[in-house]
Amino acid sequence: MPASRKKKNPADVGLRARLREVVHFPDLTERLALRLSSIAAYTAQAHFGIWHKKLGSPDFTKPNAVFTPLVHVELEATDVRIDPRETFHVQGETFLAKTLDDTGAVRHLVREGRHTVLRPDGTVVARARLMNVFTRYDPDPARRRVTELPPEMNIGTVPTRTTTLPDIDTLVPPDRTPDFVEESPRVWHYGQTDANRHVNGMEYLRSMELYVADALYGAGHDLRRLYFTRARIVYRKPCFRGEGYRRLAWFRGEAPLTIAGAFVKSGDGPDTRPAAAVELTLAQHEADPRPRLGSGEDAAV
C-alpha cells in the first residue's frame, strides 16, 4: 500500500434512495398519468426525507439558522398510464456541490438531487432534478450567503464537486417584449405557503400552467391534444402571502412548443428582474381508446 493516501473529503457525501410511494388518485390525469405539478410530491422523501434523517433538518423556529430552499427545479412527465393500485418505485441520489465566482472563490453551496419515478415494471413515469442553496434569511446579501457548511452537520466545510446554477436570464429572454402580459394583478394567499415561510415552489408551476393554458387557448391552440411534459423553474426572490403579482410569457420554441413565463411582483419597476421564472414544454397526447365521461349518455349522478 502507498505510504500516504489522500484523505476523502467528508463534504463529498452522497446519499442514494430506493423507495416505494403510494399513488394518490388526485395526482393523476384522466389518462391515469402522473401530472407534472405532482412529481415533486413523490420525490420529496428521496430528496428531503432521507437527507434530513441522515444529516439533520433545519430548525424552522430559529430565524438565523441555515436553510436550504429550492432555487432550481427540472421536472419531466412521460404521460405513461399507471395502475393506481400499484406503488411507484422511486430511485435517486443527492449530493453536495459548490458554485464559484469569477475569482474562483465559493459563491454558493448547493445540494442537488436527481430522481426517477418508475412503474413496477421499470417504465419511467417521471424525472426530477432539484437544486437547493444553503442560505440564511437576512436582508443583507453578505450575511445571507453561506460559503461553508454548518458545523453541526459534521461533514467538513466545502464539497469538491462544482456545479452551475441557472438564473432567470437562462429561461426568460431579457431583450424581448413578452408575447403575453397579465394586466390585472393576482395575489398569493396563506394556503400557498410552506414551512420555509414563503410561497411553495410548486405553486409557481401550477399558476403558470393555468396562465399558459389560457394564453395558448386564446391563440388558437387545441388544449385537448396538448399537455405539459417538462418544466424548468428558477426561484430568484421568494414571494409571500398577501403579495400581488403579474405573469408574463414568451414563446421560446415551436418544436417542441415551449413557453417561458415570469412572475413580477406588484409594485416592482419595469427594470426589476422577475421573482421567479417557469419554462414549460408541451407535447401532444397519443390517441386514448377509452371513452370520455359524458361523450355519450349522461353520467349517472
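**Aromatic cluster and overall architecture of the predicted model**

Ring pairs join W188, Y204, Y235, Y245 and F263 into a cluster, where rings of Phe, Tyr and Trp (its six-membered ring) are paired if their centres lie within 6.5 Å, and planes under 30 degrees apart count as stacked, over 60 as edge-to-face and the rest as tilted. The structure is a predicted model, in which local features need pLDDT of at least 70 and side-chain atom pairs count only at pLDDT 80 or more, while totals for chains, interfaces and linings use all residues. Residues are numbered from 1 along each chain as its sequence is written, and side-chain values use heavy atoms, with hydrogens and water left out.

A search of the whole structure yields 8 aromatic pairs. One of these is formed by Y204 and Y235, in an edge-to-face arrangement with 5.5 Å between centres and 65 degrees between planes. Y204 belongs to helix α4 (residues 201–218) and Y235 to strand β8 (residues 226–235), so that the pair links distant parts of the chain, 31 residues apart; helices (H or I, at least four residues) and strands (E, at least two) are DSSP runs numbered from the N terminus. Both Y204 and Y235 are buried, where buried denotes under 20% relative accessible area, exposed over 50%, and partly exposed in between (1.4 Å probe, protein chains only). Y204 also forms an edge-to-face pair with F263, at 5.3 Å centre to centre and 85 degrees between the planes. Because Y204 lies in helix α4 and F263 in strand β10 (residues 257–265), this pair ties together parts that are 59 residues apart in sequence. F263, like Y204, is buried.

At the level of the whole protein, 4 helices and 11 strands are assigned. A compact globule of 301 residues would have a radius of gyration near 19 Å, and the 21 Å computed for the protein agrees with this; the radius is taken over C-alpha atoms, and the globule rule is 2.2 Å times the number of residues to the power 0.38. Along the principal axes, the C-alpha atoms fill a box of roughly 80 × 50 × 40 Å. Of the 301 residues, 44% count as buried. Among contacts (heavy atoms within 4.5 Å) between residues at least 6 apart in sequence, 72% join residues at least 24 apart.

Three loop residues were examined individually. T68 is located in the loop between α1 (39–55) and β2 (70–77). With a relative accessible area of 17%, T68 is buried. Beyond its neighbours within four places in sequence, T68 is in contact with N132, V133 and F134. T135 occupies the loop between β5 (124–133) and α2 (141–144), and its relative accessibility of 12% places T135 in the buried class. Outside the neighbours within four places in sequence, the contacts of T135 are A65, V66, F67, P69, R144 and V146. The C-alpha atoms of T135 and H108 are 8.5 Å apart, with these positions 27 residues apart in sequence numbering.

R161 is situated in the loop between α2 and α3 (168–171). Its relative accessibility is 45%, and R161 therefore counts as partly exposed. Apart from neighbours within four places in sequence, R161 is in contact with D12, F95, L96, A97 and K98. R161 and K98 are 63 residues apart along the chain, and their C-alpha atoms are separated by 6.4 Å.
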